[in-house]
Amino acid sequence: MLTKQKFLSSWHAFELKRIADRRGSLTFIENDSHLPFAIQRVYYLYDVPSGESRGAHAHRLLQQVIVAASGSFDVTLSDGRRSETFNINRPDVGLYIPRMIWRDIQNFSGGAVCLVLASARYDENDYIRHYGEFLNLIRRAS
Ligand code: TYD
């Protein structure tokens, strides 16, 4: 389990508990024990056509955890200096994304479900949808 400090400072994939028996598997996510934020919204991407990509934005304040509830996809994260691609392919792994991180989500498998837990309700004003603007904001903050 990651410390709250590490959660807050950097993106990270982390393991969730899997309770498996002959009837199948169960994974749970709870505020406080697994997340550095209280869940205010849950949404999910599905029926993504082969070759399509999602994301291509950053958030000013929003924090998120992404889980592949089914199937797999690639999440590429960038802080404007460094980028890393995660193949998210297990329902018992979460990917924490802090604020001000550019994300692209690609290579969805058939039947993939990208489950997103978010720290706030939907607010279009929280989005940064142009990479140039994202880089400018990062440079100004550093
Ligand atoms: P967007 O966040 O751009 O999708 P993605 O990053 O997955 O490619 O959202 C697509 C549309 O859905 C956009 O018109 C905003 C709307 N939307 C909501 O109304 N509520 C939400 O919680 C989200 C995430 C999006």
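User: Leaving aside its neighbours within four places in sequence, which residues is valine 93 in contact with?
Analyst: Happy to help! This is a predicted model, where local features need pLDDT of at least 70, side-chain atom pairs count only at pLDDT 80 or more, and totals for chains, interfaces and linings use all residues. Residues are numbered from 1 along each chain as its sequence is written, and side-chain values use heavy atoms, with hydrogens and water left out. Contact means heavy atoms within 4.5 Å. With those neighbours set aside, valine 93 touches Ala13, Phe14, Leu16, Ile66 and Val67.

User: Is valine 93 buried or exposed?
Analyst: Buried means under 20% relative accessible area, exposed over 50%, and partly exposed in between, using a 1.4 Å probe and protein chains only. The relative accessible area of valine 93 is 15%, so this residue is buried.

User: Which residues are around the ligand?
Analyst: A residue belongs here if one of its heavy atoms lies within 4 Å of the ligand. The residues that surround the ligand are Arg41, Tyr43, Leu45, Arg54, Gly55, His57, Tyr122, Tyr127 and Arg129.

User: How far is an oxygen atom of the ligand from an N or O atom in the side chain of arginine 54?
Analyst: A polar contact is a pair of N or O atoms within 3.5 Å. For glycine 55, a polar backbone atom is 3.0 Å from a ligand oxygen. For the side chain of arginine 54, the distance from an N or O atom to a ligand oxygen is 2.9 Å.

Conventions:
A polar contact is a pair of N or O atoms within 3.5 Å; within protein, one must be able to donate a hydrogen and the other to accept it, and residues adjacent in sequence count only if both atoms are side-chain atoms.
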